[in-house]
Amino acid sequence: MIRVLLPTITLLCALLLVMLPLPDIITPFRPDWVAMVALYWAFAVPRHFGLFMAWMAGLLLDVSQGTLLGQHALGLVVITVIALHMHQRVRVSPLLQQSLFVMFLLLLKQTLVLWVSGMIGRAPDDPWLYFASPFVAMLFWPLIFVILRDLRRRYNVG
Amino acid sequence: MQPLFQNGGGPILRFLLLAVLSIILMVADHRDQYVDQVRTILFTAISPLQYTAALPARSAEWTYAQFATNRALHERVDRLQRENLQLSARQQKFETLLAENDRLRELLDASAKRDERVLVAELLAVDLDPFRQQVIVNRGSRAGIYRGQPVIDAGGVMGQVINTGPFTATVLLLSDPDHALSVQINRNGLRTIAAGRGDPERLELLYIPNSADVRVDDLVATSGLDGRFPANYPVGRVTEVNRRPGQAFAEVAVRPLANLDRSREVLMVWPDQGQEEARRAVHEHPDFEVEVMPDGTAGDGSTIVTPESTAPTPPADDATVIPEGEADDLPGEGGGEAP
């Protein structure tokens with residue numbers, strides 16, 4: 001039970017963080033918390049964290065952001081399937097390398113999301129600004145990793 | 001134990017399935033309103049999160065209010081009292097004008113306009129996708145908010161509701177690139193369309209010929225022709241008219257009068273119900289005939305006597321809808337059931 005509950009709760013917390021209002025200037029730099037948490041669970045407990053959960057989290061992200069239904073969901077599913085595939089290699093690598101890998105995946109997701117936005121004619125004026133968010137996420141990855149790992153160990157998940 | 005999600009052939013298949021499903025959802029969401037139900041359900045599911053996310057901003061506001069100095073509050077009360085006095089003075093004049101207008105309309109036998117019903121809603125301080133011009137308000141379908149409902153603020157028209165949950169609703173602002181509404185230039189009644197451009201300070205008027213009489217500082221108001229926004233609400237002022245000799249149409253920019261990016265309280269408007277329903281009935285059921293009662297009787301048989309005049313009362317309340325076929329049957333072959 002807790003195997004499903006803990007990822008769900010942490011994903012919802014991440015969603016809350018995404019919705020939290022920030023000053024307009026730093027909004028583009030906001031790391032994609034939901035994707036980071038989903039990636040953590042995909043690396044840590046790939047047997048229990050499924051694609052469907054990542055997809056649902058993506059749909060909720062879409063609704064909360066007012067984007068097209070499926071836009072973030074597609075991006076999350078794509079990076080989660082890569083993470084699930086690579087988890088054995090990533091899990092044993094040092095935090096710095098993990099951070100780089102996470103940044104690469106988040107860049108991929110951001111590209112997908114922006115691509116869809118562009119296709120429906122909603123490209124932002126300065127799209128390059130929005131590629132900064134994965135770099136910020138890279139800086140926050142160790143923090144997320146440590147918090148979620150402690151939670152996972154306390155509740156004995158995986 | 002059977003692992004729920006194992007590595008192997010499964011994930012790839014599942015991935016393809018979910019990816020295709022996402023794409024179908026996106027296309028359906030973009031093209032049409034097929035997936036509105038899904039969106040409403042998900043939207044309802046996250047509304048507690050939206051309220052929670054708005055909490056810090058709200059509590060900061062509350063704290064600020066608690067620590068506001070006595071003097072600041074006094075000044076504020078003074079200012080509001082002055083404003084109230086001015087507004088009520090203006091309101092008196094407005095009332096008399098309204099009565100006069102009603103009387104004239106009755107003489108012309110035009111349908112009367114009732115006051116629109118409004119409800120104050122607050123914006124929830126929630127961050128949305130930065131590419132879209134949307135806001136969330138703290139009223140939803142429980143308060144009677146419906147899809148397509150006009151939203152205004154103290155300055156003018158703000159936008160319309162595009163999605164409702166029970167306790168929250170999403171409002172698409174005028175400035176969103178997907179938004180356009182039917183407007184007219186107040187000075188000469190020139191009708192046109194105001195479309196958003198993704199900038200809260202700028203709308204664009206479409207299809208204005210180079211020779212059209214549009215000047216900077218003209219007031220642009222809703223025309224009511226789109227059937228969504230009630231007529232004569234201010235939208236914005238013309239800031240720029242750029243006549244391009246080589247092109248078919250002039251480029252006209254309008255600055256919205258509503259504070260699209262600063263308002264905190266908005267008004268949800270229910271347009272004149274009688275008119276709306278009548279229009280909808282005609283629109284949705286072309287076979288139906290909207291029956292207008294020419295004599296002074298309302299639908300329930302009671303006679304309306306207005307103190308001002310004995311002129312025919314416009315059927316604002318009781319636009320009775322009678323299907324054409326039945327209406328034909330009623331007077332002639334009504335005896336069919338008698339024996």
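This passage describes the interface between chain A and chain B and the largest pocket of a predicted model.

The two chains meet through 45 residues of chain A and 40 residues of chain B. The size of an interface is often expressed as the accessible area that is lost when the parts come together. Between chain A and chain B, about 3800 Å² is buried, and carbon and sulfur atoms account for 71% of this area. On the side of chain A, the residues that lose the most area to chain B are A:Met19, A:Leu69 and A:Arg122, which together give 19% of what that side buries. Four helices of chain A, namely helix 1 (2–19), helix 3 (51–65), helix 4 (71–91) and helix 5 (95–119), each contribute at least two residues to the side that touches chain B. Helix 3 of chain A provides the most, with 9 residues. By residue class, the side of chain A that touches chain B comprises 30 nonpolar, 11 polar and 4 charged residues. Between the chains, 0 salt bridges are counted, while 4 residue pairs are in polar contact, with both residues at pLDDT 80 or more.

The largest pocket has a volume of about 1400 Å³. Its lining consists of 44 residues, of which A:Asp24, B:Asp127, B:Arg132, B:Gln134 and B:Asp261 are the closest to the centre of the pocket. In chain B, helix 2 (36–66), strand 1 (117–124), strand 2 (134–137) and strand 7 (191–199) are the elements that give two or more residues to this lining. Helix 2 of chain B gives the most, with 4 residues. The lining of the largest pocket divides into 23 nonpolar, 6 polar and 15 charged residues.

Note on methods:
Residues are numbered from 1 along each chain as its sequence is written. Chains are lettered from A and ligands numbered from 1 in the order in which they are written. This is a predicted model: local features need pLDDT of at least 70, side-chain atom pairs count only at pLDDT 80 or more; totals for chains, interfaces and linings use all residues. Side-chain values use heavy atoms; hydrogens and water are left out. On a 1 Å grid over the protein atoms alone, a cavity is a set of points where a 1.4 Å probe fits but cannot get out, and a pocket is an open set with protein on both sides within 12 Å along at least five of seven lines; lining residues have an atom within 4 Å of a point. Grid points are joined across faces, edges and corners, and a volume is the space filled by probe spheres set on the points. Ala, Val, Leu, Ile, Met, Phe, Trp, Tyr, Cys and Pro count as nonpolar, Asp, Glu, Lys and Arg as charged, and the others, Gly among them, as polar. Contact means heavy atoms within 4.5 Å. Buried area is the accessible area (1.4 Å probe) that two parts lose on being put together, summed over both. A salt bridge is a side-chain nitrogen of Lys or Arg within 4 Å of a carboxyl oxygen of Asp or Glu. A polar contact is a pair of N or O atoms within 3.5 Å; within protein, one must be able to donate a hydrogen and the other to accept it, and residues adjacent in sequence count only if both atoms are side-chain atoms.
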